[in-house]
Each structure stands twice: as C-alpha cells, then as structure tokens.
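I opened this model to look up strand pairing and one pocket. My notes follow.

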Amino acid sequence: MSPPSLIDTHPNLAGTAPVALSYELFPPRSPAAAESLWTTIGELESTDPDYVSVTYGASGSNRDTAVELINRLVQETTLRPLAHLTCVGNSPQELAEIIGELLDVGVRGILALRGDQPKDGGVPPEGSLRYAQDLIELIRRVEQRRSALLCAGKVAVGVAAYPTRHPESPNEAHDVEVLLAKQRSGADFAITQVFFHTEQYADLLTRARRAGVTIPIIPGVMPLTSIRRLTRLGELTGVEPDPELIDRLAAADSDAERTRIGVGATVDLANAALDAGAPGLHLYTFNEHTAALDVLDKLALARPQRGNRNSGNRHSGNRHSSSRPAAGRRQLAS
C-alpha cells in the first residue's frame, strides 16, 4: 500500500476559500446607455470582483456590441470578463469562429448557454447546435487546438443551473440530470437563474450533490427593488416572483422605503445561499450599480486581499463620480 500523500496528512493546508463575487452586465443599446454603463463599471470595479459576465443577445443579435464591450473591459479596466455565448441557430463553424474571436481579445471565461428557441416557432437551421452541452464540447475542442497559446490562461466554462424547474423541463430532477451532463462535457462551474425564496438554492444544491454534480454552483441574485423588473423577469423566465414581496413593494410609501424592502429581501436570499454553502455570489445588476452596492454594504463577504489593483487601472472614458466615499461603498471583509 502506498503511503499517504502530504495533502492527505494535512487536509487544511489551503484553509477556507474566500467568497467569489461577480456581476452581470449587458451591452449598451445607445450612447446614453453606454455612458451610464461605464459609470456603473467604474463603481463596480471599486469592489474588486473576480469577474463580470457580459450577456449575448438571442442568436447573437448584439454580438459586435458585446465583443466591443468585452474588449474595452480587457483593455481599459482591471475586470475579468466572462463572455456569454448562446448556440441555438448557429453552426459549429460559426461558433468556433466566435470562440476564437473571444479568446483573441483576451477572454478566458465563457458562459455556455443554449439560448432561446426561435420566437416564431420555427426550427433552427439544419446543422446548428441544439444544447449547451454541445457548445461546451465545442469550446473544449477550440481550446485544445489553441492549447499552446493558452498555457498561461486556460478557458473556464460556466453553465446555467435552475433552482426552480426550467419552463421547458418535465421536472426538477431532469434539470439536475442536464446539469450533470454539462459537467461531464467539461463545465467548470454553474451560475443559477434567479430565485425568490430562501430555501430554493439549498434545495438545488442538495439535489445536485446527490446526483453527482461536484462543480461549484454559484447563486445568481438580483436586487429585488423594482416591481416592473420583477414582473418582467417572471414573464421572460417563467420564474414566479414572490407575491408577498410584490405586495410589500407596492405598499411602500416612497422609493427609499421600496429600496429598503427590496435590498433587505435580496440580502436575506444571499445570506441563505451563503449559509447553505454557496462559494460566491453573482449579482444581476441590469447595468445599474446603486442597488447592487447597497446589497454589498449589508453583506460581510470574506474577500481576498489583492493589494491596490485599482491604482493602476487604465480607464480612458470611465467616470468615477460617486455620492459615497469609496470606504462607504465597500464594506467587504478581507
């Protein structure tokens, strides 16, 4: 019998891992939106997140704008972009070209998604990829062909996970089987769809681990401060917002009270997920920083000491105007 390894005899060499922090952004749709977005980027950068995800429109409808935003993030900020990529309606050749383009601008993280089916009920073109699992395998093939170029930065592939049943799924057990298949195809981590009840993330984690899913599952949390946004999100995703929360927000006497209620509910969701063992938090910002930073102000996240990375950032067009001092924006424990 072989003697125990050094790691076996010293199981706590690495200690407790810090909590990962990330945000989601989407490409701006107008010059005014771009200016607002870059203000938000500057504010979010001050919290030193591990990465920011950049969304990708249905069938790549805003591909050029997304790649432009990613390129600017790489060139002008200290932020690490995680590029969304959808596969429905695209051939392997088209997607391989897009993946190569993303790698060329410095992307080392891709969130592999199926994407929405055609809204007109049509069938995707013959030969196009159908599932996120296929896209994961394609990313790994492109990565393998470029392995010499990526020696100092292999590609991390993320996928979506669902705390509540996917609208097209027969049941939650099927969703977990799909997540397990994504892991087998090479996924490194998962980010969850939004959820509105504190027990839902823990339930997903339990079901996934029992099924054999071992990759990190990061809870995706949105600031629950806007009734309009909650309602719209429910329509788009099929995730029913919490009726009690909607009633509380509607009964609020002022915007400040509505924000207080929504931020409190978001913090409760985030803390419940962290208590259940979440390795990090992914905040859906909708390109707005105020509510996201309000949530962070109330969370005591154990974050790594990285030194003053922001002192050397290269913002050429970012605006860092803020009504709050940096220390007040950033109550993140180190």
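I looked up Leu-111 first: its bridge partner in strand 5 is Gly-158. Strands here are DSSP E runs of at least two residues, helices H or I runs of at least four, both numbered from the N terminus. The model is predicted, so I kept its filters in mind: local features need pLDDT of at least 70, side-chain atom pairs count only at 80 or more, and totals for chains, interfaces and linings use all residues. Residues are numbered from 1 along each chain as its sequence is written, and side-chain values use heavy atoms, without hydrogens and water.

Next I checked the neighbours of strand 5 (residues 156-161). Strand 4 (residues 109-113) runs parallel to strand 5 and is joined to it by three bridges. Strand 6 (residues 189-192) is also parallel to strand 5, with four bridges. Ala-161 has Thr-192 as its partner in strand 6. I noted that five of the six residues in strand 5 are buried (under 20% relative accessible area, 1.4 Å probe, protein chains only).

Then I traced the sheet. It is open, has nine strands in the order 7-6-5-4-3-2-1-9-8, and pairs in parallel (a pair needs at least two DSSP bridges). Strand 7 (217-218) and strand 8 (220-221) are the edges, each pairing on one side only.

Last, the second largest pocket. Its lining includes Gly-109, Ala-156, Phe-189 and Ile-218. A pocket is an open set of 1 Å grid points, over the protein atoms alone, with protein on both sides within 12 Å along at least five of seven lines; lining residues have an atom within 4 Å of a point.

Methods:
On a 1 Å grid over the protein atoms alone, a cavity is a set of points where a 1.4 Å probe fits but cannot get out, and a pocket is an open set with protein on both sides within 12 Å along at least five of seven lines; lining residues have an atom within 4 Å of a point. Buried means under 20% relative accessible area, exposed over 50%, partly exposed in between (1.4 Å probe, protein chains only).
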